[in-house]
Amino acid sequence: MDARQRIWNKTYIHQMRRFLYIAFILFLTSCSDHLADKPVVYTDEIVNGFSVRYDANMEPAHKELMFRILNSMVFVEGDCFLMGENSERAADGPAHYVRVSDYYISNMELSYKDLRVLSVYSYLSWYEWQSFIEILKEMTGLDFDLPTEAQWEFAAKGGKYSKGYIYAGSDNIDEVRCDTYPCESDCVANELGLMNMSGGLSEWCKDFYKPYEPFYSVDPCVKGGQYAVVRGGSYESY
């Protein structure tokens with residue numbers, strides 16, 4: 001193939017890409033015009049104490065997941081607690097006092113199947129979770145978010161009802177940790193009724209990683225950094 005032929009082929013491919021792009025834009029515009037003719041009908045409903053406003057024509061699978069997530073929410077009354085510990089692992093300390101405000105947290109983990117209901121992902125990075133959360137916000141009109149690391153640890157310890165267990169709900173790791181995911185055995189919930197805080201899958205937190213400082217703080221959250229915080233045990237590791 002000579003140079004002229006290669007140039008012609010590049011030009012042809014470029015034109016085809018441009019044609020397909022224009023066709024795609026026209027298709028989207030056509031769909032948008034069609035959808036614009038159908039006004040959204042909203043339904044107002046109280047679910048687990050939350051006032052929810054959602055599309056009455058929402059897909060059944062989306063609605064089922066939305067209701068399940070809302071019904072899984074557990075109220076956590078804020079308080080002051082000792083976060084972290086002084087141990088041989090530098091990242092665990094220093095122990096320091098933190099106060100968290102009231103919040104809600106889910107008593108269950110979402111499964112891969114749940115994620116695929118609203119997303120093409122079977123595993124979500126921290127940034128992909130932000131998109132997932134935005135979908136939940138749009139679906140419900142509620143202010144969903146990942147828990148901060150302080151919220152996660154306070155909830156894992158049982159909140160104001162903490163009995164001082166080593167793990168989330170027990171001093172025996174085998175009572176609160178599954179060897180498979182989803183969990184195929186009956187694990188013990190912690191004092192707030194939360195499952196798999198020491199097992200199942202590890203969870204993303206809202207914060208980015210930063211070494212603890214030995215100061216009292218209120219609702220701390222590190223909003224920028226290189227690595228997002230992951231907490232909790234996993235079925236793959238202790």
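How many nonpolar, polar and charged residues are in the lining of the second largest pocket? By class, there are 17 nonpolar, eight polar and nine charged residues. This is a predicted model, and the tour begins at that pocket.

**Stop 1: the second largest pocket.** Select Arg 89, Asp 92, Trp 152, Glu 153 and Arg 231, which are the closest to the centre of this pocket among its 34 lining residues. The pocket has a volume of about 1000 Å³. Next, colour α5 and β9 (228–231), since each supplies at least two residues of the lining.

**Stop 2: the sheet beside α5.** Keep α5 selected and add β4 and β5, the strands it touches as it packs on the sheet. The direction of α5 makes about 95 degrees with that of β4. Now add β8: the three strands form an open sheet in the order β4-β5-β8, with mixed pairing. β4 (79–83) and β8 (217–218) are the edge strands, and each has a single partner, so one side of each lacks a neighbour in the sheet. Zoom in on β5 (residues 96–100), which pairs with β8 in the parallel sense over two bridges. Here Val 98 stands opposite Ser 217 of β8.

**Stop 3: the largest pocket.** Select Trp 129, Asp 145, Leu 146, Pro 147 and Trp 204, which lie nearest the centre of the largest pocket; 39 residues line it. Its volume is about 1200 Å³. To see which elements give two or more residues to this lining, show β6 (103–106), α3 (112–118), α4 (126–140), α5 (149–156) and β7 (203–208). Coloured by class, the lining of the largest pocket shows 27 nonpolar, six polar and six charged residues.

Technical notes:
Residues numbered from 1 in each chain as written. Predicted model: local features only at pLDDT ≥ 70, side-chain atom pairs only at ≥ 80, totals over all residues. Heavy atoms only, no water. 1 Å grid on protein atoms, 1.4 Å probe; cavity = no way out; pocket = protein on both sides within 12 Å on 5 of 7 lines; lining within 4 Å. Points joined across faces, edges and corners; volume = space filled by probe spheres on them. Helix = DSSP H or I, 4+ residues; strand = E, 2+ residues; numbered from the N terminus. Nonpolar A, V, L, I, M, F, W, Y, C, P; charged D, E, K, R; others polar. Pairing = 2+ DSSP bridges. Contact = heavy atoms within 4.5 Å. Axes fitted to C-alpha atoms, helices over the stretch in contact; angles between N-to-C directions.
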